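Thanks, everyone, for making the time this morning. I would like to walk you through the empty space inside one protein, and then through the sheet and the confidence values.

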Amino acid sequence: MTHEPRNAQRIRVLTSIASTAEANVLNPYTALVVNSLPPDIHVTPFRWRRALVGPYDVFHVHWPDTLVRMSVWQDLLKPVMFVLLMVRIAVCRVSIVRTVHNASPHEPLKAFESALLRWLDRRTGTWIVLSEQTRTPPHGDRVVIPHGHYRDWYGDVVDREPAPGSLLYFGLIREYKGVDRLIRAAHGLDETFALRILGAPQTAAIASDLRAAAKGDARIELDLEFATDRDLAEAISDAEAVILPYENMHNSGALLLALSLNRQVIVPRTPTTQELVDEFGDDWVITYDGPLTTGKLRSVLSVVRSTSPGRPLDMSRRDWARLGLQLAGVYRTRAPKAPQNI
């Protein structure tokens with residue numbers, strides 16, 4: 001439990017995530033961050049009206065492309081509102097804190113959308129990175145606060161005895177996550193295994209491609225739909241290992257979730273996944289080099305079958321109470337000394 005410092009100033013933080021309740025449906029990370037904070041930190045979810053005229057001392061930005069990306073016609077006013085927001089932030093001297101989740105946006109941005117985000121970058125005072133490997137612009141403070149574990153969120157799930165050779169991919173299925181390549185690699189194996197793909201495709205075209213790739217192979221099960229927390233946790237517990245074949249893996253909450261439920265993970269070797277190998281060991285985090293092929297999948301499956309971690313997984317560095325104090329320290333540093341009345 002975190003405690004409020006004596007004589008602490010109440011700090012108002014606006015987070016760029018629209019609704020913690022809505023975000024938790026896809027990823028409980030937001031709730032875990034907010035719940036870890038001491039009581040002098042008051043966090044409110046993003047609404048354009050609140051951002052433009054509401055009271056707050058710090059603007060904490062996650063996934064900034066959602067503030068400018070125009071995906072449907074209703075978003076046509078987004079650039080105008082974003083400009084007004086940046087003007088309000090400058091005039092009122094609101095501090096911007098940014099958590100860098102990805103090395104770059106998952107999907108390309110239009111030129112003017114990128115220009116708006118560069119403006120946001122120039123105004124950012126503190127960059128929070130989840131890994132030492134994450135690069136940030138040279139200006140502003142840089143603070144490493146790692147991604148926390150999910151053990152408390154899924155603590156009521158009973159660990160099961162998995163079937164040998166059972167692999168699981170889970171999560172939203174986007175182009176860059178390499179799920180089609182995983183299915184093709186698995187299709188070429190001439191051995192006993194079970195691969196389950198659990199998650200909603202981002203587009204109908206992706207779903208169609210996955211069905212075509214898996215056609216005729218009874219060892220590959222496609223559950224192309226959203227999974228509840230309970231269903232997801234049970235699927236992870238049923239698997240011998242989780243495989244996340246992202247083409248450019250940087251940070252991954254899914255990887256931390258699998259480890260939180262005591263499952264080995266198979267991931268491409270990148271600077272950030274190597275950092276996790278150094279932290280948890282190569283018996284928990286199993287890596288391969290380059291694009292996934294049938295031969296590489298056969299090799300990592302052999303490692304899973306021959307390797308059983310003989311020690312509990314130590315995730316104390318990723319305890320949320322500890323991380324919440326670090327984040328609160330960032331807010332206290334960035335907030336004005338006296339509350340603003342805007």
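Let me begin with terms: on a 1 Å grid over the protein atoms alone, a cavity is a set of points where a 1.4 Å probe fits but cannot get out, while a pocket is an open set with protein on both sides within 12 Å along at least five of seven lines, and lining residues have an atom within 4 Å of a point. Grid points are joined across faces, edges and corners, and a volume is the space filled by probe spheres set on the points.

This is a predicted model, in which local features need pLDDT of at least 70 and side-chain atom pairs count only at pLDDT 80 or more, whereas totals for chains, interfaces and linings use all residues. Residues are numbered from 1 along each chain as its sequence is written, and side-chain values use heavy atoms, with hydrogens and water left out.

How many cavities of 30 Å³ or more are there? The count comes to 3, and the largest holds about 130 Å³ of space. Its lining has 15 residues, with Leu130, Asn251, Leu256, Leu276 and Arg318 closest to the centre. Helix 11 (271–280) and helix 10 (253–260) each give two or more residues to that lining, helix 11 giving the most, with 4; helices here are DSSP runs of H or I with at least four residues, strands are runs of E with at least two, and both are numbered from the N terminus.

The second largest cavity, at about 110 Å³, is also lined by 15 residues, and Tyr29, Val33, Ile145, Trp320 and Leu327 lie nearest its centre. Helix 13 supplies the largest share of this lining, 4 residues.

Turning to the open space, the second largest pocket contains about 450 Å³ and has 24 lining residues, of which Arg98, Asn102, Ala103, Ser104 and Pro105 are nearest its centre. Helix 6 contributes 5 residues, the largest share of that lining.

As for the sheet, 6 strands form an open one in the order 2-1-3-4-5-6, with parallel pairing, where two strands pair if DSSP finds at least two bridges between them. Strand 2 (41–44) and strand 6 (141–144) are the edge strands, each pairing on one side only. Strand 1 (residues 11–15) is joined to strand 2 by 4 bridges, and Val13 stands opposite Val43 in strand 2.

Finally, pLDDT is the predictor's confidence in each residue, from 0 to 100. The protein's mean is 89, but helix 1 (residues 20–26) has the lowest mean among the elements, 49.
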